[in-house]
Amino acid sequence: MNSFETRIVKTWKPSVFLRIVFIILLLGGSALTSIFEVEEKWLRLTGSFAFMLGMFGALSQSFVKPKYLGDMEIDETRVKIDLANSKKEFLISDLREIGFKYGGYASFWKYTLYGNKNHIYFTTLSGEKYNYEIILQNKQKKEELKYFLNQLNTTDSIEIKKFGNSAF
C-alpha cells in the first residue's frame with residue numbers, strides 16, 4: 001500500500017447578498033427583454049445588460065480557482081498536514097475514524113473547474129476533530145483515494161466513513 005497526496009484548499013463561496021444581486025439581475029433583465037414588451041430602446045438595452053451581467057456573475061463561480069492552503073499526505077502509518085503556518089502529524093493508530101465526503105472531481109456544472117468540494121475529516125482518540133477541503137483533479141486521483149481508503153480499512157482497525165456522492 002502506497003500513500004495518497006493531495007492539496008488542501010478553500011473554495012470561494014459567494015455571499016448571500018451577492019447571490020441575491022445576481023438573481024435580481026437575471027430575473028429583471030430577462031423580464032425586460034423577454035416578457036414585457038418595452039418600447040423604449042434604452043430600457044431594452046438596460047435589461048439586456050442586466051441579464052448579461054447576471055449571467056456572467058452566476059457562471060463565473062466555476063472559474064474561480066480555490067485558494068491553496070497546504071498539502072496533505074496519508075500513508076499506512078500517519079496523516080501529515082502541511083499548512084502554511086503549521087505542520088501536524090497524526091499516527092493512524094491514534095485516530096478513531098477517517099471520513100470522506102465526496103462531491104466529485106473537476107467539472108463545469110458542479111462547483112469549479114479545478115475540483116469540487118471534497119472533504120476529508122478525521123477524529124483522534126482524544127476526541128479532536130479535523131476537517132479539510134481537498135482537491136481531486138481527475139478520475140485517476142479519485143480512484144487512488146478510493147483504493148487507498150479501502151486498503152487502509154482492511155489493514156487497520158480504524159473506521160472509514162464515506163458520505164456524499166454515491167459514485168465513490
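# A walk through a predicted protein model

Let's start with one helix. Helix α1 covers residues 16-35, which makes 20 residues, and it reaches 27 Å from its first C-alpha to its last. That is close to the 28 Å expected at 1.5 Å a residue. Keep in mind as you read that this is a predicted model.

Which residues of α1 are buried? They are Phe22, Leu26, Gly29 and Ala31. The cover over these buried residues includes helix α2, residues 41-59. Take Ala31, which is found in helix α1. Ala31 counts as buried because its relative accessibility is 15%, and the cut-off for buried is under 20%. You can also use Ala31 to compare sequence with space: Ala31 and Arg44 are 13 residues apart in sequence, and their C-alpha atoms are 9.8 Å apart.

Now step back to the whole chain. How many helices and strands does the protein chain have? There are 3 helices and 8 strands. Starting at the N terminus, the elements come in the order β-α-α-β-β-β-β-β-β-α-β. Of the 168 residues in the chain, 36% count as buried. The chain exposes about 10500 Å², and carbon and sulfur atoms supply 58% of that area. Contacts tell you how the chain comes back to itself: among those between residues at least 6 apart in sequence, 61% join residues at least 24 apart.

Next, look at the inside. The largest nonpolar core has 24 residues, and the members that touch the most others are Met72, Ile81, Ile98, Phe122 and Tyr132. Several elements each supply at least two residues of this core: the strands β1 (4-10), β2 (67-74), β3 (78-83), β5 (95-102), β6 (118-124) and β7 (129-134), together with helix α3 (139-155). Try finding Met72 in the structure and looking around it. Leaving out residues up to four places away in sequence, Met72 touches Phe4, Glu5, Thr6, Ile8, Lys80, Ile81, Ile120, Phe122, Tyr132 and Ile134.

One residue on that list, Thr6, deserves its own visit. Thr6 lies in strand β1. Is Thr6 buried or exposed? Thr6 counts as buried because its relative accessibility is 6%. Apart from neighbours within four places in sequence, Thr6 is in contact with Asp71, Met72, Ile134 and Ile135. With Ile135 we can be more specific: a polar atom of the Thr6 side chain lies 2.6 Å from the backbone oxygen of Ile135.

Two more threonines can be found in strand β6, namely Thr123 and Thr124. Thr123 has a relative accessible area of 2%, so Thr123 is buried. Thr124 also counts as buried, because its relative accessibility is 6%. What do they touch beyond their neighbours within four places in sequence? For Thr123, the contacts are Leu95, Arg96, Glu97, Glu128 and Lys129. For Thr124, they are Phe90, Asp94, Leu95, Arg96 and Tyr130. The side chain of Thr124 also makes a polar contact of 3.0 Å with the side chain of Ser126. Here is another pair for comparing sequence with space: Thr124 and Ile92 are 32 residues apart along the chain, and 9.0 Å separates their C-alpha atoms.

Our last stop is about charge. Side chains of opposite charge can pair when their charged atoms come close. How many salt bridges are counted in this model? The count comes to 2. In one, Glu73 pairs with Arg78, and the closest N and O atoms are 3.9 Å apart. Arg78 also forms a salt bridge with Asp75, where the closest N and O atoms are 3.7 Å apart. Both distances qualify because the cut-off is within 4 Å. Glu73, Asp75 and Arg78 are thus linked in a network of salt bridges.

Is Arg78 buried or exposed? Arg78 counts as buried because its relative accessibility is 19%, and buried means under 20%. Asp75 is buried too.

How values were computed:
Residues numbered from 1 in each chain as written. Predicted model: local features only at pLDDT ≥ 70, side-chain atom pairs only at ≥ 80, totals over all residues. Heavy atoms only, no water. Helix = DSSP H or I, 4+ residues; strand = E, 2+ residues; numbered from the N terminus. Expected span 1.5 Å × (residues − 1). Buried < 20%, exposed > 50% of the residue type's maximum accessible area, 1.4 Å probe, protein only. Contact = heavy atoms within 4.5 Å. Core = buried A, V, L, I, M, F, W, Y, C linked by side-chain atoms within 4.5 Å. Salt bridge = Lys/Arg side-chain N within 4 Å of Asp/Glu carboxyl O. Polar contact = N/O pair within 3.5 Å; in protein donor to acceptor, adjacent residues only side chain to side chain. Areas by Shrake-Rupley, 256 points an atom, 1.4 Å probe, with all protein chains shown as cover.
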